[in-house]
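Biologist: I would like to walk through this model with you. Could you show it first?

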Amino acid sequence: MHALVIDDSRAMRRIVGGILEDLGYEITQAGDGQEALDKLEAGFVPDLACIDWNMPVMDGLSFVNAVRENPEWRDVTLMMVTTESEHGQIVRALAAGAHEYLIKPFTPDALRDKLSLLGLVPVEVP
Amino acid sequence: MSELLSAPVDGISGATAAELLPEETVRAIADEIWASFIGEDEVLVPLDGELPAATVSAWVGIDGPWRGRVVLTTSASAAEELTRALLRGRAPAVLDAEDVEDGFGELANVLGGGLKALLPEASSLTLPMVGAQPPASGPDEHLVSSLWRGERVDVVVCSVPLPH
Amino acid sequence: MSLAAADFSYVADLVRRESAIVLSPGKEYLVEARLLPVARRSGDAGVAQLVERSRRRPDKATTQSIVEALTTNETSWYRDGDPFSQLGTSVFPQLLAQRSPGEKIRVWSAACSSGQEPYTIGMIASEVVPAGTSRVAITATDLSQEMVDRTKAGRFSQLEVNRGLPAPMLVRHFTRAGTEWEVSPALRSMVTTSTLNLAQPYPRMGPFDVVFLRNVLIYFDVPTKQDILRKVRAQMRPDGWLFLGAAETTLGVDPGWERVALGRTSAYRPIA
């Protein structure tokens with residue numbers, strides 16, 4: 001499994017990337033939506049993209065819109081990971097095509113819960 | 001996002017920072033951030049402490065019918081410790097200035113985002129800035145002070161009359 | 001403040017023995033963070049001292065508080081999703097086929113904690129059962145008055161809604177209320193709450209079509225487990241469904257149940 005972690009904060013890329021790495025993901029990072037989109041256009045299609053909302057150059061919502069415009073990328077699972085937490089913002093992101101939405105701050109368990117909802121980790125046997 | 005930058009709406013635009021985001025609200029949001037990002041057992045104690053001469057601040061602006069700013073301030077050493085805690089086991093052995101700026105800035109960003117979501121009208125957040133001195137605050141500066149591991153951590157919320 | 005390997009394996013063994021829940025390596029941080037408040041309450045200087053005391057002179061109260069700290073509070077929504085997805089894809093459809101259209105479908109969440117389980121059941125019902133919010137009635141009980149009050153209030157912190165509640169469900173069934181999120185009135189109207197001690201006699205409830213009795217039998221000895229399972233069966237319809245926690249079973253405890261495989265999980269049905 002390959003994940004693209006998109007956030008302008010490198011601390012946040014390390015945190016999200018690290019949790020995913022522990023679950024066996026390979027990680028590619030991008031500091032904004034445009035950098036991430038360039039990677040997709042160069043032929044890199046991840047299984048999962050974790051997407052911050054507020055970023056310079058291209059924000060996360062625009063990235064989601066761009067990914068959804070290209071049918072070749074329809075298998076990429078899109079999860080917003082952001083401090084935007086108004087009801088209306090979550091609705092906007094889902095309407096644009098995001099599959100899941102994790103609100104910052106979150107614990108590693110909360111990220112793992114979202115992945116298991118998405119069927120992207122083996123369900124933990126307690 | 002241009003619709004978020006429309007003309008001020010009566011009521012919110014005239015409200016003070018403390019009316020819009022009272023102390024208990026600021027504490028509730030900060031506590032959630034500390035419990036999930038800094039550590040399950042990490043608490044901000046609502047006590048006064050000494051702020052050292054050399055501090056670091058991280059801030060974000062809120063743009064909407066109400067324009068404001070959320071500033072997080074602590075000692076340089078506490079900002080570094082916070083960044084280390086934020087990264088958990090993933091911090092490099094030596095954190096450079098850029099790491100701390102980035103980690104501490106992200107905490108301010110999450111704090112600002114959590115507070116922004118509680119405003120009565122849709123607003124947007126500016127990208128975080130970090131520096132030794134935050135921009136001068138307006139007359140309604142609203143200070144919420146805490147101790148974390150014995151170090152003072154301040155959150156200041158204030159109105160900003162002009163665009164960021 | 002990392003936990004010594006020997007301390008971790010002692011705690012992991014203890015929890016596995018008492019609850020059948022496995023704490024895999026890598027959960028040291030969780031153990032440390034969860035046990036620190038327990039250590040403080042019991043006057044130990046730290047987690048290491050708490051573990052040392054429990055190892056040297058095990059007592060029931062300490063064991064229980066360690067196990068509880070590490071097995072409860074794991075309240076989340078669809079997490080451990082299999083019983084919930086089977087409820088939607090298999091159990092509700094079968095019940096709809098078997099019951100007459102006007103008949104209520106009754107579900108019991110027998111250890112409802114802060115309310116995530118009964119509201120998850122309600123959300124699934126509203127998805128798959130026509131007019132589900134009025135057709136399905138959920139009884140939510142818990143030993144603790146505080147938990148019952150929290151369930152009734154239907155308000156959850158941001159951290160709680162972040163734990164395994166699918167975003168489409170969040171936006172459909174919740175609104176923001178200050179720093180918290182509040183369930184919709186329609187969802188709340190499906191849920192009736194009251195305190196109930198599972199080990200004591202039960203009032204007449206039900207009869208229930210579905211019972212969720214998850215991660216609670218583990219706290220009882222075998223005779224009490226048998227008594228609880230017998231009393232639960234008496235509250236159920238003969239063709240009802242019982243869901244237990246992943247680490248729990250009726251097998252070898254109470255012969256009055258048939259285990260039925262449902263996807264990757266199991267349910268139990270009364271034997272006539």
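Biologist: Among contacts in chain C with a separation of 6 or more, what percentage comes from residues 24 or more positions apart?
Modeller: This is a predicted model, so every value here is computed from it. Take the contacts in chain C with a separation of 6 or more. Residues 24 or more positions apart make up 73% of them.

Biologist: What is the radius of gyration of chain C?
Modeller: Start with the chain length, 272 residues. A compact globule with that many residues would have a radius near 19 Å. The value for chain C agrees with this: 20 Å.

Biologist: What box do the C-alpha atoms of chain C fill?
Modeller: The box is taken along the principal axes. Its rough dimensions are 60 × 50 × 35 Å.

Biologist: How many helices and strands are in chain C, and what share of its residues is buried?
Modeller: Chain C has twelve helices and ten strands. Of its 272 residues, the buried share is 45%.

Biologist: Helix H3 of chain C spans residues 47-56. Where do its buried residues lie around the axis?
Modeller: The buried residues are Val47(C), Leu50(C), Val51(C) and Ser54(C). They cover an arc of only 95° around the axis. Therefore they lie on the same side of H3(C).

Biologist: One open sheet of chain C has three strands. Which are the edge strands?
Modeller: The order is E3-E5-E4, with antiparallel pairing. An edge strand pairs on one side only. In chain C that describes E3 (155-157) and E4 (174-177).

Biologist: What is the average twist in that sheet?
Modeller: The twist is taken from one strand to the next. It averages 35°.

Biologist: Which residue in E5(C) stands opposite Arg155(C)?
Modeller: Strand E5 of chain C covers residues 180-183. E3(C) and E5(C) run antiparallel, joined by three bridges. Opposite Arg155(C) stands Glu182(C).

Biologist: Which element gives the largest share of the side of chain C that touches chain A?
Modeller: Here 20 residues of chain C are in contact with 18 residues of chain A. On the chain C side, helix H10 (167-173) and E4 each give two or more residues. By class, that side has ten nonpolar, six polar and four charged residues. The largest share, four residues, comes from H10(C).

Biologist: Now turn to chain B. Which element supplies the largest share of the side of chain B that touches chain A?
Modeller: The contact takes 20 residues from chain B and 18 from chain A. H2, H3 (76-87) and H4 (97-116) of chain B each supply at least two residues of the chain B side. That side divides into nine nonpolar, seven polar and four charged residues. The largest share, eight residues, belongs to H4(B).

Biologist: Is Val45(B) buried or exposed?
Modeller: Val45(B) is found in the loop between helix H2 (23-38) and strand E1 (55-63) of chain B. Leaving aside neighbours within four places in sequence, it is in contact with Ser146(B) and Leu147(B). There are 11 other C-beta atoms within 10 Å, and 12 or fewer is the cut-off, so Val45(B) counts as exposed.

Biologist: What separates the C-alpha atoms of Val45(B) and Asp31(B)?
Modeller: Along the chain, Val45(B) and Asp31(B) are 14 residues apart. Their C-alpha atoms are separated by 9.4 Å.

Biologist: What is phi of Arg149(B)?
Modeller: Most residues other than glycine have a negative phi. Arg149(B) lies in the loop between strand E5 (142-148) and strand E6 (151-159) of chain B. It counts as partly exposed, with 14 C-beta neighbours inside 10 Å. Its phi is positive, near 45°.

Biologist: Is Asn215(C) buried or exposed?
Modeller: Phi of Asn215(C) is also positive, near 60°. Asn215(C) has 23 other C-beta atoms within 10 Å. The cut-off for burial is 20 or more, so Asn215(C) is buried.

Biologist: Which residue is joined to Gly206(C) by a cis peptide bond?
Modeller: Most peptide bonds are trans. In this bond omega is about 0°. The partner sits in the loop between strand E6 (191-195) and strand E7 (208-213) of chain C. The partner is Pro207(C).

Biologist: What is omega for the bond from Lys104(A) to Pro105(A)?
Modeller: Pro105(A) is in the loop between strand E5 (100-103) and helix H5 (108-117) of chain A. The bond from Lys104(A) is cis, with omega near 5°.

Notes. Residues are numbered from 1 along each chain as its sequence is written. Chains are lettered from A and ligands numbered from 1 in the order in which they are written. This is a predicted model: local features need pLDDT of at least 70, side-chain atom pairs count only at pLDDT 80 or more; totals for chains, interfaces and linings use all residues. Two strands pair if DSSP finds at least two bridges between them. Axes are lines fitted to C-alpha atoms, for helices over the stretch in contact, and angles run from 0 to 180 degrees between N-to-C directions. The arc is that of the directions from the helix axis to the C-beta atoms. Two residues are in contact if their C-beta atoms, placed from the backbone, lie within 7 Å. Ala, Val, Leu, Ile, Met, Phe, Trp, Tyr, Cys and Pro count as nonpolar, Asp, Glu, Lys and Arg as charged, and the others, Gly among them, as polar. The radius of gyration is taken over C-alpha atoms; the globule rule is 2.2 Å times the number of residues to the power 0.38.
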